[in-house]
Amino acid sequence: MKKRVTLCIFLMLVLAISIYFVADQYIVETKNLDGGMMTSYENYEERLNGSDLVVIAKLVNEPLNVLTPYGGGFPDGHHVSKIKISNVIKGNNEHDQMIIDVREPYYTMEKGILPGKYEVFYGDYTKMEQGNTYLLFLGWTEEWGQYGIASAHEGKFNLDGEDQVEQKMIQGNEKLQRLRNDIFNQQEVSEFIE
């Protein structure tokens with residue numbers, strides 16, 4: 001009888017631990033950080049002038065999550081993503097057809113003892129999806145030694161209409177809709193819209 005009770009307790013413990021580890025892999029809660037510190041743009045000309053490199057590109061790998069310590073023990077971070085540039089709109093034409101690393105303004109962190117993870121986004125940014133074509137406004141940061149998507153959600157625009165998460169986010173933001181429409185009406189951009 002004692003062995004049966006011990007076995008039942010052991011099996012329940014194994015089941016609870018298994019459920020916790022499965023939940024830890026699949027529960028993802030989204031958090032958005034205030035985008036108040038980023039520069040905001042009213043039109044294509046301003047957005048273009050606020051960028052070092054503007055490209056048409058696709059994500060070519062699974063982004064690498066990078067966490068850095070921040071005050072109060074709460075991490076800060078970003079993802080490093082490899083993109084394949086198909087066209088350069090502004091900047092050094094030597095980047096055409098190159099694969100480069102860029103910083104995406106989001107990161108993933110554990111919830112601590114609670115199962116799951118947080119995906120933390122700056123502003124209303126949505127992450128790039130593999131296979132989709134994007135117009136990216138990039139800024140060079142000497143300290144990082146790499147390009148980053150400039151001004152979060154005002155620095156990445158899906159051109160093929162396949163990124164449903166981005167489409168939904170833009171529908172809820174009138175200012176971003178106006179900026180996107182102005183950008184997409186430019187001849188050097190409109191030829192790439194699918």
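Here are some friendly notes on the strand pairings and one buried glutamate in this predicted model.

1. Let's begin with strand 4, which covers residues 76-90. Strand 2 (residues 53-59) runs antiparallel to strand 4, and six bridges join the two. If you would like a place to look, find Ala 57, which sits opposite Ile 85 of strand 4.

2. Strand 4 also pairs with strand 3 (residues 64-68), again in the antiparallel sense, over five bridges. Here Val 66 is the residue to pick out, since its place is opposite His 78 in strand 4.

3. Strand 5 (residues 99-104) is another antiparallel partner of strand 4, with six bridges joining them. Lys 84 has Ile 99 of strand 5 as its bridge partner.

4. Going back to strand 2, you will find that strand 8 is joined to it as well, by six bridges and with the strands antiparallel. Val 55 is bridged to Leu 136 in strand 8. Strand 2 therefore has pairings with both strand 4 and strand 8.

5. Strand 8 (residues 133-141) deserves a closer look: how many of its nine residues are buried? Seven are, so strand 8 is largely enclosed by the rest of the structure. The cut-off behind that statement is a relative accessible area under 20%.

6. Next comes the hairpin that strand 8 makes with strand 9 (residues 146-149); these strands are antiparallel and share four bridges. Thr 141 takes Gln 146 in strand 9 as its bridge partner. Four residues lie between the strands of this hairpin, and Gly 145 has a positive phi near 70° there. That glycine is a nice spot to check on your screen.

7. Strand 10 (residues 156-158) pairs with strand 8 too, through three bridges in an antiparallel arrangement. Leu 135 is matched with Phe 157 of strand 10.

8. Finally, please have a look at Glu 166, which belongs to helix 3 (residues 164-171). Is this residue buried or exposed? Glu 166 counts as buried because its relative accessibility is 1%, where the limit for buried is under 20%. Which residues does Glu 166 contact, once neighbours within four places in sequence are left aside? They are Thr 126, Tyr 134, Lys 156, Phe 157 and Asn 158. Among these, Phe 157 is also the bridge partner of Leu 135, and Lys 156, Phe 157 and Asn 158 fall in strand 10 (residues 156-158). Tyr 134 lies within strand 8 (residues 133-141).

How values were computed:
Residues numbered from 1 in each chain as written. Predicted model: local features only at pLDDT ≥ 70, side-chain atom pairs only at ≥ 80, totals over all residues. Heavy atoms only, no water. Buried < 20%, exposed > 50% of the residue type's maximum accessible area, 1.4 Å probe, protein only. Contact = heavy atoms within 4.5 Å. Pairing = 2+ DSSP bridges.
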